[in-house]
Amino acid sequence: MSENIEKMKSRALKIINILENEYPDAKCHLNYDNPFQLLVSTILAAQCTDERVNAVMGPMYKKYKIPGDFLKVKPEQLEKELSSINFYRNKTKSVINCSKALVEKHNGKVPRTMDELTALAGVGRKTANVVLGNCFGVPAIMTDTHLNRVTQRLGLVDTDVPDKIEAELKQIIPENKQVKFSHVIGEHGRQICKARKPLCDDCAINSYCPSKGKV
Ligand code: SF4
């Protein structure tokens, strides 16, 4: 589709307005009470479902309340507790090393910048954006499987590489809309623009989508 950047920005805004009405309560699907919990849960949610992470971590956060608590337990014990989460061995290491860095370098607090967050074990741009956007009010595009798929179908991005998707969307989504955009697009992907069979006839933004009926 040949569409200049201004037209794409305008189309993106229309899409956001419609989806904000469709999904007024769209939010992060991971449960958390503070930035540390969201950081840990997002690390654990890579290639795993949010539901699984919520089920495992809900009870665990009653015991592991601050980063130092993850350093008091033996790694084998933590591995056992996380064993129903995909790639739990590597993730156990990440949680421990991330907690160690939080204690040693950040006074036990979750830092508020992309550079500091991505310096932590197991934390890439995607995880950092989830924390920055949801906890600290920082403009952030939160790439996940749903946002990546839907924005490609909508022709808002021209790549399937998550970090490039983030960069391209930052060019067209206003800063004050980036977090909301991430939530509503993610919700649309879960409910309507599904991976295998998108429900194009029921899609509220189908008049703005070049992929309507073509997937
Ligand atoms: S029209 Fe179809 S492909 Fe396009 S966003 Fe809607 S459900 Fe997805």
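## Exercises on a predicted all-helix model

T42 is buried, since 26 other C-beta atoms lie within 10 Å of its own. The structure is a predicted model, and the exercises below start from this residue and work outwards.

**Exercise 1. Decide where T42 sits and which residues it touches.**

Step 1. The place of T42 is in helix α2. A residue counts as buried if 20 or more other C-beta atoms lie within 10 Å, and T42 has 26 of them, so the label "buried" follows.

Step 2. Leaving out residues up to four places away in sequence, T42 touches L30, T127, V130 and V131. Of these partners, T127, V130 and V131 are also listed among the buried residues of α8.

Step 3. As a check on distance, M60 is 18 residues from T42 in sequence, and the two C-alpha atoms are 15 Å apart in space.

**Exercise 2. Work out whether α2 is mostly covered or mostly open, and what lies against it.**

Step 1. Helix α2 is mostly covered, with 10 of its 11 residues buried. The buried residues are F36, Q37, L38, L39, V40, S41, T42, I43, L44 and A45.

Step 2. The elements covering these buried residues include α3, α4 (67-72), α6 and α8.

Step 3. I43 gives a residue-level view: apart from neighbours within four places in sequence, I43 is in contact with K91, S94, V95, C98, G122, V123 and T127. T127 is thus a contact of I43 and is likewise touched by T42.

**Exercise 3. Describe how α8 is enclosed, and by which elements.**

Step 1. Nine of the 11 residues of α8 are buried, so this helix is largely enclosed by the rest of the structure. They are K126, T127, A128, N129, V130, V131, L132, G133 and N134.

Step 2. The buried residues of α8 pack against α2, α7 (114-118), α10 and α11.

**Exercise 4. Find which residues of the largest nonpolar core touch the most other members, and which helices supply the core.**

Step 1. The largest nonpolar core has 52 residues, and L39, I43, L44 and V131 are the ones that touch the most other members.

Step 2. At least two residues of this core come from each of α1 (5-22), α2 (35-45), α3 (50-63), α6 (88-106), α8 (125-135), α9 (145-153), α10 (162-172) and α11 (178-191). The largest share, seven residues, is supplied by α2.

Step 3. The core also draws on both domains, with at least three residues from each of domain 1 (5-27 + 140-208) and domain 2 (35-135). As background, nonpolar side chains in soluble globular proteins tend to be buried together.

**Exercise 5. Characterise the contact between the two domains from the side of domain 1.**

Step 1. The chain is divided into domain 1 (5-27 + 140-208) and domain 2 (35-135), and the C-alpha centres of these domains lie 27 Å apart.

Step 2. Nine residues from domain 1 and six residues from domain 2 take part in the contact.

Step 3. On the side of domain 1 that touches domain 2, the elements giving two or more residues are α10 and α11, and α10 gives the most, with three residues. By class, this side has five nonpolar, two polar and two charged residues.

**Exercise 6. Locate Q47 and N107, and state the sign of phi in each.**

Step 1. Q47 lies in the loop between α2 and α3, and its phi is positive, near 50°, in a residue other than glycine. With 10 C-beta neighbours inside 10 Å, Q47 counts as exposed, because the cut-off for that label is 12 or fewer.

Step 2. N107 lies in the loop between α6 and α7, and its phi is also a positive value, near 60°, in a residue other than glycine. N107 is exposed, with 9 other C-beta atoms within 10 Å.

Step 3. Most residues other than glycine have a negative phi. Just after α8, G137 takes a positive phi of about 65°.

**Exercise 7. Describe the surroundings of the ligand.**

Step 1. There are 15 residues around the ligand, and C193, P198, C200, C203 and C209 come nearest.

Step 2. By class, the residues of this shell divide into 11 nonpolar, two polar and two charged.

**Exercise 8. Judge whether the radius of gyration agrees with a compact globule.**

Step 1. The chain has 11 helices and zero strands.

Step 2. For 215 residues, a compact globule would have a radius of gyration near 17 Å, and the chain has 18 Å, which agrees.

Step 3. Along the principal axes, the C-alpha atoms fill a box of roughly 55 × 30 × 30 Å, and 38% of the 215 residues count as buried.

How values were computed. Residues numbered from 1 in each chain as written. Predicted model: local features only at pLDDT ≥ 70, side-chain atom pairs only at ≥ 80, totals over all residues. Core = buried A, V, L, I, M, F, W, Y, C linked by C-beta atoms within 7 Å. Helix = DSSP H or I, 4+ residues; strand = E, 2+ residues; numbered from the N terminus. Domains from an automatic or database assignment. Contact = placed C-beta atoms within 7 Å. Near = placed C-beta within 6 Å. Nonpolar A, V, L, I, M, F, W, Y, C, P; charged D, E, K, R; others polar. Rg over C-alpha atoms; globule rule 2.2 N^0.38 Å.
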